[in-house]
Amino acid sequence: MDEFLAAAIEEAKIGLSEGGIPIGSVLVIDGHVVGRGHNRRVQSGSPVLHAEMDCLEHAGRIKAADYRRAILYSTLSPCDMCSGAVLLYGIGKVVVGENRTFKGPEAYLRSRGVDIQVVDDPVCRQLMESFIRHNPELWNEDIGE
């Protein structure tokens, strides 16, 4: 398994252990993790702290040229909000752990020039399938349903 996807999975497991939703993300520039995060909506009572947003927050201020070299890893396909952040900051590549349990606007991101790679990782899928099965109301809240 890719070391950076493994780091995102580690973040997802941390989120789950905190009572949150098991989605993790890391931001990589030039082969180095510069930000990591996990979904903290439940833990923080936040409407916006999806894993990707938490990851970008922890990465801090980054120059536009650096974002363009960045790769965002996420255990789950990014939603509209997180995809908007990818476009806003010009992140050129997103590696998605799985998109069977939820599929964000991947086609739109591709149409805007973002390289989307879906790994279809069984660990990512199992984490989400189990969580959704045991917490359907919380999951629906997270995706705005």
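Let's start with strands S1 and S2. S1 covers residues 24–29, and six bridges join it to S2. The two run antiparallel. One pair to find on your screen: Val-28 has Val-33 in S2 as its bridge partner. Keep in mind that this is a predicted model.

Now the helix beside them. Helix H3, residues 51–59, packs on the sheet. It touches S1, S2 and strand S3, which spans 70–76. The direction of H3 makes about 135° with that of S2. Helix H7, residues 122–134, packs on the sheet as well. H7 touches S3 and strand S4, residues 93–98. Its direction makes about 60° with that of S4.

Next, the whole sheet. In what order do the five strands lie? The order is S2-S1-S3-S4-S5, and the sheet is open. The pairing is mixed. Which strands stand at the edges? They are S2, residues 32–38, and S5, residues 115–118. Each has a single partner strand, so one side of each is left without a neighbour in the sheet. Neighbouring strands are turned by 15° against each other on average, direction ignored.

A word on pairing for the first-years. Strands of a sheet pair through backbone hydrogen bonds, either parallel or antiparallel. We have met an antiparallel pair, S1 with S2. For a parallel one, look at S3 and S4, which share five bridges. There, Leu-76 has Glu-98 in S4 as its bridge partner.

Stay on S4 for a moment. How many of its six residues are buried? Five are, so call S4 mostly covered.

On to the cores. In soluble globular proteins, nonpolar side chains tend to be buried together. Here, the largest nonpolar core has 17 residues. Which of them touch the most other members? Leu-27, Leu-72, Val-86, Ile-91 and Val-94 do. Several elements give two or more residues to this core: S1, H3, S3, helix H5 (80–89) and S4. H3 gives the most, with three residues. Another core lies apart from this one. It has twelve residues, among them Phe-4, Ile-9, Val-26 and Val-95.

Now one residue that may catch your eye: Glu-11. Where is it? Glu-11 is found in helix H1, residues 3–17. Is Glu-11 buried or exposed? It is buried: its relative accessible area is 7%, and the cut-off for buried is under 20%. What does Glu-11 touch? Leaving out residues up to four places away in sequence, it touches Gly-24, Ser-25, Arg-36, Gly-37 and His-38.

Let's zoom out to the chain. It has eight helices and five strands. From the N terminus on, the elements run α-β-β-α-α-α-β-α-β-α-β-α-α. Is the chain as compact as a globular protein of its length, or less so? The radius of gyration is 14 Å, and the globule rule gives 15 Å for 145 residues. Those values are close, so the chain is as compact as a globular protein of that length. The C-alpha atoms fill a box of roughly 40 × 30 × 25 Å along the principal axes.

Last, three figures on packing and surface. Buried residues make up 48% of the 145 in the chain. Take the contacts with a separation of 6 or more: residues 24 or more positions apart account for 54% of them. The chain exposes about 7,000 Å², and carbon and sulfur atoms supply 50% of that.

Definitions and conventions
Residues numbered from 1 in each chain as written. Predicted model: local features only at pLDDT ≥ 70, side-chain atom pairs only at ≥ 80, totals over all residues. Heavy atoms only, no water. Pairing = 2+ DSSP bridges. Helix = DSSP H or I, 4+ residues; strand = E, 2+ residues; numbered from the N terminus. Axes fitted to C-alpha atoms, helices over the stretch in contact; angles between N-to-C directions. Contact = heavy atoms within 4.5 Å. Core = buried A, V, L, I, M, F, W, Y, C linked by side-chain atoms within 4.5 Å. Buried < 20%, exposed > 50% of the residue type's maximum accessible area, 1.4 Å probe, protein only. Rg over C-alpha atoms; globule rule 2.2 N^0.38 Å. Areas by Shrake-Rupley, 256 points an atom, 1.4 Å probe, with all protein chains shown as cover.
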